[in-house]
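Reader: Hello! I'd like a close look at one part of this protein, the nonpolar core and the pockets and strands around that core. Could you walk me through what is there?

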Amino acid sequence: RADVDRLVSRRRSTGIRHAGLSSDDSFTGNDSMQLQQTLNKNKTVSIRLNYENPLSKKWFVFFGSTLNNVHTDNTLNTLYRRKPDNSMIKNDPLSNQFDFYQRVVSVSAAVRYLFTSNFFFNAGLQQEYANTYFDILNFSDHYRNEYYSTLPYANLTRKWDNGYNVTLSY
């Protein structure tokens, strides 16, 4: 079984208004005013592959893999009001644009033993690789971070016909 999901979202917000600007963005006449506008664009792609095979009536084997890829584009514009002509001027030192990237890849294998159809034991191992970094406009450092993790797991599950269940997990 394979699942593929793609999510794209966009969010614009005006974060900080200081004295001098009304809620409808008109000037109040006060001397000092600063405005921060933020635009976030997120793109996420998720792919999941699963394989299940019965070895007998009591034993099952599972294999799986996932890929999650995230890209977030962040833009922050900070503006101040120039008093003589009431125009909004961009404040470059307080404005920024950067992209954030994250990729997580995992593979897993597990076995299941059925005591009964509603009572079973799972045990497995997942290997995960993650990579994150930033791409900051006009800045050379990307703050890369990579790591591998091995994640063993085990659980004992009891289900009831009314929909309730209890799981003990490690």
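Author: Happy to! Let's start with a term: a nonpolar core is a set of buried Ala, Val, Leu, Ile, Met, Phe, Trp, Tyr and Cys residues joined through side-chain atoms within 4.5 Å. Please keep in mind that this is a predicted model.

The largest nonpolar core has 5 residues in all: Phe60, Phe62, Ala110, Leu114 and Phe120. Strands E3 and E5 are the elements that give two or more residues to this core. Phe62 is a good place to look from. Leaving aside its neighbours within four places in sequence, Phe62 is in contact with Tyr51, Glu52, Ser108, Ala109, Ala110 and Arg112. One of these contacts, Ala110, is a fellow member of the core.

Phe62 also leads us to the largest pocket, which has a volume of about 390 Å³. Its lining counts 21 residues, and those closest to the pocket centre are Arg48, Asn50, Phe62, Phe63 and Ser108. Two or more lining residues come from each of strand E2 (34–54), strand E3 (59–82), strand E5 (96–116), E6 and E7. E5 gives the most, with 6 residues. By character, the lining of this pocket divides into 8 nonpolar, 9 polar and 4 charged residues.

Phe120, another core member, takes us to strand E7. Not counting residues up to four places away in sequence, Asn155 touches Phe120, along with Phe121, Asn122, Thr167, Leu168 and Ser169. Asn155 is found in strand E7. Is Asn155 buried or exposed? With a relative accessible area of 16%, Asn155 counts as buried, because the cut-off for that label is under 20%.

The contacts of Asn155 with Thr167 and Leu168 bring in the next strand. E7 (residues 145–159) pairs with E8 (residues 165–169) in the antiparallel sense, over 5 bridges. Within this pairing, Thr157 has Thr167 in E8 as its bridge partner. The two strands form a hairpin with 5 residues between them, and Gly163 in the turn has a positive phi of about 100 degrees.

At the other end of E7, the loop that joins E6 (119–136) to E7 holds Asn138. The loop between E6 and E7 also holds Tyr143. Asn138 is not a glycine, yet has a positive phi of about 60 degrees. For Tyr143, also a residue other than glycine, phi is positive and near 50 degrees. As for accessibility, Asn138 counts as exposed at 77%, while Tyr143 is partly exposed, with a relative accessible area of 44%.

Asn138 gives us a last stop, the second largest pocket, where about 180 Å³ of space lies. Asn138 is in the lining of that pocket, together with Thr75, Leu76, Asn77, Lys90, Asp92, Ser95, Asn96, Gln97, Ile136, Leu137 and Phe139. E3 and E5 each supply at least two residues of this lining, and the largest share, 3 residues, comes from E3. The lining of the second largest pocket divides into 4 nonpolar, 6 polar and 2 charged residues.

To tie the tour together: E3 and E5 give two or more residues to the largest nonpolar core, both appear in the lining of the largest pocket, and both supply the lining of the second largest pocket.

Notes: Residues are numbered from 1 along each chain as its sequence is written. This is a predicted model: local features need pLDDT of at least 70, side-chain atom pairs count only at pLDDT 80 or more; totals for chains, interfaces and linings use all residues. Side-chain values use heavy atoms; hydrogens and water are left out. Two strands pair if DSSP finds at least two bridges between them. Helices (H or I, at least four residues) and strands (E, at least two) are DSSP runs, numbered from the N terminus. Buried means under 20% relative accessible area, exposed over 50%, partly exposed in between (1.4 Å probe, protein chains only). On a 1 Å grid over the protein atoms alone, a cavity is a set of points where a 1.4 Å probe fits but cannot get out, and a pocket is an open set with protein on both sides within 12 Å along at least five of seven lines; lining residues have an atom within 4 Å of a point. Grid points are joined across faces, edges and corners, and a volume is the space filled by probe spheres set on the points. Ala, Val, Leu, Ile, Met, Phe, Trp, Tyr, Cys and Pro count as nonpolar, Asp, Glu, Lys and Arg as charged, and the others, Gly among them, as polar. Contact means heavy atoms within 4.5 Å.
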